[in-house]
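Work through the exercises below with the sequence and the model open. Each task is followed by a solution in steps.

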Amino acid sequence: ADLPLSELASASFDAVIIPGGMKGAEHIARSADAKALVQRHFTSGALVGAICAAPAVVLHRGFGILKGRRFTCYPGMEEEVEGAIFAQGRVVVDGNLITSRGPGTAGEFALALVTALVGKEAAAKLAAGTLSAG
């Protein structure tokens, strides 16, 4: 990282992506700075992405922003989420929210993020260059 999160309080980004992994997700979920940054971007309509445990642990339990939204997450973690709509997809896009299941879906997650940020053509070119099925 180039800067501590505390120095990004007023920064603006096209997207905020939250990595998976239980321990990391738990730490992010407890961060007031991360919560403020993600909630601000999410409510402004900026893209928010989360993979693996992060949708359930960070976006739901930690930040409370999944309510009424479609999402996916690491298998079994959806049982912890109330008030949101679990979808079985490997990657689920709901407006400015993109979620994915875990390490095995990381490539598809990346292509969905690229599609949302710079378009289908750029995602197709990236997929072709990486031999991805996207």
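**Exercise 1: the surroundings of α3**

The buried residues of α3 are covered by elements that include β1, α1, α2, β2, β3 (70–71) and β6 (97–100). The model is a predicted one.

Task: State how many of the residues of α3 are buried, and list them.

Solution.
- Step 1. Count the buried residues: seven of the nine in α3 are buried, so the helix is mostly covered.
- Step 2. List them: Ala-54, Pro-55, Ala-56, Val-57, Val-58, Leu-59 and Gly-62.
- Step 3. Look just beyond the helix: α3 is followed by Gly-64, which has a positive phi, near 65 degrees.

**Exercise 2: the nonpolar cores**

Task: Find how many residues the largest nonpolar core has, and which elements give two or more residues to this core.

Solution.
- Step 1. The largest nonpolar core has 25 residues. Those with the most contacts inside it are Ile-18, Val-38, Val-48, Val-58, Leu-59 and Leu-66.
- Step 2. Two or more residues of this core come from each of β1 (15–18), α1 (22–29), α2 (32–44), β2 (47–51) and α3 (54–62).
- Step 3. The largest share, five residues, is that of α3.
- Step 4. Take Val-58 as an example: leaving out residues up to four places away in sequence, Val-58 touches Ile-18, Ala-25, Ile-28, Ala-29, Ala-53 and Phe-63.
- Step 5. Another core, of seven residues, lies apart from the largest one; among its members are Leu-47, Phe-109, Ala-112 and Leu-113.

**Exercise 3: the cysteines**

Task: Give the number of disulfides in the structure, and explain why Cys-52 is not bonded to Cys-73.

Solution.
- Step 1. The structure holds zero disulfides.
- Step 2. The closest cysteine sulfur to that of Cys-52 belongs to Cys-73 and is 8.8 Å away, which is too far for a bond. The cut-off for a disulfide is a pair of cysteine sulfur atoms within 2.5 Å.
- Step 3. Compare with accessibility: Cys-52 is buried at a relative accessible area of 14%, and Cys-73 is buried at 0%.
- Step 4. Place Cys-52 in the chain: it is in the loop between β2 and α3. Cys-52 is not a glycine, yet its phi is positive, about 70 degrees.

**Exercise 4: a histidine in α2**

Task: Decide whether His-41 is buried or exposed, and name the residues it touches.

Solution.
- Step 1. His-41 is found in helix α2.
- Step 2. The relative accessibility of His-41 is 2%, so His-41 counts as buried, the cut-off being under 20%.
- Step 3. Not counting residues up to four places away in sequence, His-41 touches Ala-11, Ser-12, Phe-13, Val-16, Ala-46 and Asn-96.

**Exercise 5: the packing of α4 and α5**

Task: Describe how helix α4 and helix α5 pack, and name the residues that make the contact.

Solution.
- Step 1. Two packed helices are described by the angle between their axes and by the distance between the axes.
- Step 2. For α4 (residues 106–118) and α5 (residues 120–129) the angle is about 145 degrees and the axes are 7 Å apart. Their crossing is right-handed.
- Step 3. From α4, the contact is made by Leu-111, Val-114, Thr-115 and Val-118; from α5, by Lys-120, Ala-122, Ala-123, Leu-126 and Ala-127.
- Step 4. Sort these residues by type: seven are nonpolar, one is polar and one is charged.

Terms used:
Residues are numbered from 1 along each chain as its sequence is written. This is a predicted model: local features need pLDDT of at least 70, side-chain atom pairs count only at pLDDT 80 or more; totals for chains, interfaces and linings use all residues. Side-chain values use heavy atoms; hydrogens and water are left out. Buried means under 20% relative accessible area, exposed over 50%, partly exposed in between (1.4 Å probe, protein chains only). A nonpolar core is a set of buried Ala, Val, Leu, Ile, Met, Phe, Trp, Tyr and Cys residues joined through side-chain atoms within 4.5 Å. Helices (H or I, at least four residues) and strands (E, at least two) are DSSP runs, numbered from the N terminus. Contact means heavy atoms within 4.5 Å. Axes are lines fitted to C-alpha atoms, for helices over the stretch in contact, and angles run from 0 to 180 degrees between N-to-C directions. A crossing is left-handed if the near helix is turned anticlockwise from the far one by less than a right angle, and right-handed if clockwise. Ala, Val, Leu, Ile, Met, Phe, Trp, Tyr, Cys and Pro count as nonpolar, Asp, Glu, Lys and Arg as charged, and the others, Gly among them, as polar.
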